[in-house]
Protein chains: 2
Amino acid sequence: MTGPLIALDVMGGDDAPLATLKGALLACKAGAARIPPERLLLVGDQPRMRSMLAELGGDPGFQLEHAAQVIEMGDSPAQALRAKPDSSIARCVAAVKAGRASAVVGMGNTGACVGAATLGLGTIPGVRRPGIAVTLNLTGQPLTILDMGANIAPKADHLLQYGAMASVYAQGCLGQAKPRVGLLNVGEEKGKGTDLLKEAHELLESSGLEFVGNVEGGDIFRGVCDIVVTDGFTGNVVLKLLEQFAQFFLGKILGELERGGAKLSPSALGSLKHSIDYQSYGGALLLGVNGVVVIGHGRSDERAVANALAQAVRASDARVPERIERGLAAPSRS
Amino acid sequence: MTGPLIALDVMGGDDAPLATLKGALLACKAGAARIPPERLLLVGDQPRMRSMLAELGGDPGFQLEHAAQVIEMGDSPAQALRAKPDSSIARCVAAVKAGRASAVVGMGNTGACVGAATLGLGTIPGVRRPGIAVTLNLTGQPLTILDMGANIAPKADHLLQYGAMASVYAQGCLGQAKPRVGLLNVGEEKGKGTDLLKEAHELLESSGLEFVGNVEGGDIFRGVCDIVVTDGFTGNVVLKLLEQFAQFFLGKILGELERGGAKLSPSALGSLKHSIDYQSYGGALLLGVNGVVVIGHGRSDERAVANALAQAVRASDARVPERIERGLAAPSRS
C-alpha cells in the first residue's frame with residue numbers, strides 16, 4: 001500500500017509538459033522524494049505524455065489519465081473553467097472529488113487551479129474561506145505566510161481560521177509542535193491597525209492558538225513567529241515583493257562582486273538561492289478545501305515540481321484536511 | 001538672502017542630540033548639502049546644544065531656540081503632545097506656523113511628529129488627508145512610495161491625491177518631469193483588487209496624471225513607474241519589510257562570502273547599502289500639510305540627518321506645499 005494518489009496537472013506551467021514530467025520522474029528517484037511512481041496520477045494529453053516519457057527514458061509505472069483540454073496561463077480563470085470542462089486541472093480535481101486521489105498538484109493558471117479546487121472540492125465543514133499559504137525558509141526555520149491572495153478582503157473570522165489552518169499544517173508537515181502565530185500589522189501594540197485587525201487580534205487571542213500578537217513587516221526575518229496571518233491583498237503584495245527583491249538584490253550583489261573580481265562559491269550561491277526560494281518547500285498550499293491542493297509557480301522547473309509533489313505527499317499523509325476539520329470543530333477554536 | 005529657515009528638532013532620535021547636531025554641522029559643509037548655517041533653526045535644550053556645539057568645534061552661526069521638553073521615542077504621541085506643550089517638536093512646528101521657518105525636520109517619535117505637524121499646520125486647502133512618502137533609490141531611478149502609514153484605511157480620493165501630491169514632489173525635487181504613477185495591486189489588469197482600488201483606478205485614470213495602471217509587489221524593482229500609490233497599511237508593511245529584508249539578506253551574503261574567503265570591496269558594499277537605504281534621499285516626507293515636514297528614522301546617523309536637512313531645503317525651495325495647492329486646484333485634478 002503506497003497511500004492515495006497524487007494527481008499532477010502535467011499540462012500546467014510555462015515549461016509544461018516537459019518540466020512537469022521531468023519533475024514527476026525526479027520525485028520518484030532515490031535521494032529525492034522517493035515517491036512510488038504508481039502513486040502519481042499524471043493528467044494531460046495522453047499520447048504526448050507517453051511519447052515524451054519514452055524519450056525521457058521510459059514510464060516507471062505512473063498512472064496516466066487523458067484530458068483533452070488545457071487551461072492556458074493567460075486564460076480568464078472563470079471563463080476557462082466553464083469553456084473547458086475536460087481540462088487537465090479540472091480532471092485532477094475530479095479525481096480527488098471521486099476519491100481516486102487525495103491531492104492535486106498544478107503549476108498552471110493559479111486562478112483556474114484555485115477556482116477548480118474550491119468549486120470542485122468544496123470547503124471543509126466549518127471553514128469560511130480557503131486561504132493560500134506559502135512556506136519560506138529564510139532564517140533556517142520554516143515560516144508560513146497566508147493568505148497569499150485567495151481572499152483579498154477577508155473578515156476577522158477568516159483571519160482566525162487562517163491561523164488555525166496553518167497551525168494544523170505546520171504541526172502535521174513542518175515539525176512545529178506549537179507553531180507561533182503572528183498577525184501582520186503596522187505596530188506591535190494591541191489596538192494597532194484597522195478595525196478588521198483589532199477584531200482579528202481579539203479572536204486570535206482567545207483562540208487557544210499559540211498567538212504571539214502583532215508582527216511588523218520586518219519581523220518576517222526575525223524568527224519571532226512560525227506563521228504570519230494577513231489578508232490576501234497584503235500577502236500577495238508581500239510575496240511578489242519578496243520574490244522579486246531577492247532576485248533583484250542578489251543580481252546586484254553578484255554584479256558588484258564581479259566588478260570587484262570576487263566570487264560567491266557555487267554552494268554559497270545555491271544556499272542563498274535556496275533560502276529565498278519558497279519552491280524549495282514545494283508550492284503554495286490552498287488550505288480549507290476538501291483535499292490537498294498544491295499550486296506551483298508557473299515558472300517551476302523539474303526540481304520545483306518534484307518539491308511540490310513531495311509536499312503534496314506530506315500533506316496527504318498527514319491528513320491535513322481531516323485535521324483541519326477536527327481542529328475547527330474543537331471547542332477551543334470555536 | 002538664504003531662503004526661509006529649516007527647523008530641526010535637535011532632541012529627537014535615538015542618538016540625539018549628538019547625531020542631530022553633527023548632522024546639522026555636516027549639512028553646512030562644502031561637499032555635503034552646503035546649507036548656510038544661519039538657515040538652520042536648531043530647537044532643543046539650549047544650554048546643552050551650546051556646550052555640545054562648543055565641543056564639536058564651535059557654532060558656525062546656527063539659529064538656536066530653546067524648548068524645555070522632549071517627546072521620547074516610547075511616548076504615546078497623542079498623550080505626549082498634550083502633556084508636553086513646550087516640546088522641541090512642537091516648537092519646530094510652531095516656528096513654521098508663525099512663518100519664521102518653512103520646514104520641520106524631526107528624527108524623533110514619528111507619530112508625535114505627524115500629529116504635531118498635522119494639527120499644528122493644518123492640511124493644504126483641497127487636501128483630504130496627508131500621506132507619508134518615502135523615496136527609494138533601488139534601481140538608480142528614484143521611486144517614491146506613499147502612503148507609508150499616515151492613513152491605514154484611506155478612501156479612493158485620498159489615493160488619488162497621494163498620486164497628485166507625489167507627482168508635484170517628484171517634479172519639483174527629483175527632476176522627474178512626467179512622473180509615472182502606479183497603483184499597487186494584486187494584478188496588472190484593470191478591475192483587479194478591492195472595491196477601493198477599483199474606484200481609485202478610475203479616479204487616477206481620469207486625473208490627468210501620468211497614470212500607468214496597476215503595479216504588483218515585484219514591479220517596485222522593475223522601473224515601471226516613478227510613484228507607487230498604496231494605502232498606509234500596505235505601505236507600512238512594505239517599507240518595514242524592504243528595510244529589514246535588505247539588511248537581513250546582505251548580512252547573509254556577507255556571511256557566505258566570508259565563509260568562502262571572498263570579500264566585497266568597501267566601495268561595492270557602500271553602493272549596495274546606499275541603494276537600499278532610503279535615508280540616502282533624506283527621510284519620509286509628510287505631504288499635504290501647510291509646510292515641509294521631513295521625518296527621519298529614529299536610528300538616523302549624522303549623514304542621514306544631513307540628507308534629511310538637504311531634502312527639506314529642496315522641498316522648501318521648490319515650494320512643494322504651494323505647488324500641491326495649485327495642483328489640486330487645477331481643473332484636470334478635480
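B:Ile6 touches a whole circle of partners: leaving out residues up to four places away in sequence, these are B:Arg39, B:Leu40, B:Leu41, B:Ala101, B:Ala103, B:Val105, B:Leu309, B:Ala312, B:Val313 and B:Ser316. Touching, or being in contact, means here that the C-beta atoms of two residues, placed from the backbone, lie within 7 Å. All of this comes from a predicted model, in which local features need pLDDT of at least 70 and side-chain atom pairs count only at pLDDT 80 or more, while totals for chains, interfaces and linings use all residues. Residues are numbered from 1 along each chain as its sequence is written, and chains are lettered from A and ligands numbered from 1 in the order in which they are written.

B:Ile6 also belongs to the largest nonpolar core, which has 229 residues. Such a core is a set of buried Ala, Val, Leu, Ile, Met, Phe, Trp, Tyr and Cys residues joined through C-beta atoms within 7 Å. A residue is buried if 20 or more other C-beta atoms lie within 10 Å of its own, exposed if 12 or fewer, and partly exposed in between, with C-beta atoms placed from the backbone. The members that touch the most other members are A:Ile6, A:Ala7, A:Leu309, B:Ile6, B:Ala7 and B:Leu309. In soluble globular proteins, nonpolar side chains tend to be buried together.

Now step back to chain A. Eleven helices and eleven strands make it up; these are DSSP runs numbered from the N terminus, with helices (H or I) of at least four residues and strands (E) of at least two. Of its 334 residues, 54% count as buried. For contacts in chain A with a separation of 6 or more, 73% are between residues 24 or more positions apart.

The domain assignment, which is automatic or from a database, splits chain A into domain 1 (1-127 + 288-319) and domain 2 (128-281). Their C-alpha centres lie 25 Å apart. Where they meet, 15 residues of domain 1 of chain A contact twelve residues of domain 2 of chain A. On the domain 1 side, H10(A) gives the largest share, five residues.

How do the two chains fit together? Chain A can be laid on chain B with an RMSD of 0.0 Å by a turn of 180 degrees and a shift of 0.0 Å along the axis, superposing by least squares on C-alpha atoms of residues with pLDDT of at least 70 in both. That is the relation of a two-fold axis. The contact takes 41 residues from each of chain A and chain B. On the side of chain A that touches chain B, H8(A) gives the most, with 20 residues. The copies meet through the same surface, because 100% of the interface residues of chain A are also interface residues in chain B.

A few local spots deserve a look. A:Glu258 sits in helix H8 of chain A and counts as exposed, with 11 C-beta neighbours inside 10 Å. A cis peptide bond joins A:Ala16 and A:Pro17, with omega about 0 degrees; A:Pro17 is in the loop between strand S1 (5-9) and helix H1 (18-28) of chain A. Another cis peptide bond joins A:Leu146 and A:Asp147, with omega about 5 degrees. Finally, A:Arg319 has a positive phi near 50 degrees although it is a residue other than glycine, and A:Arg319 is partly exposed.
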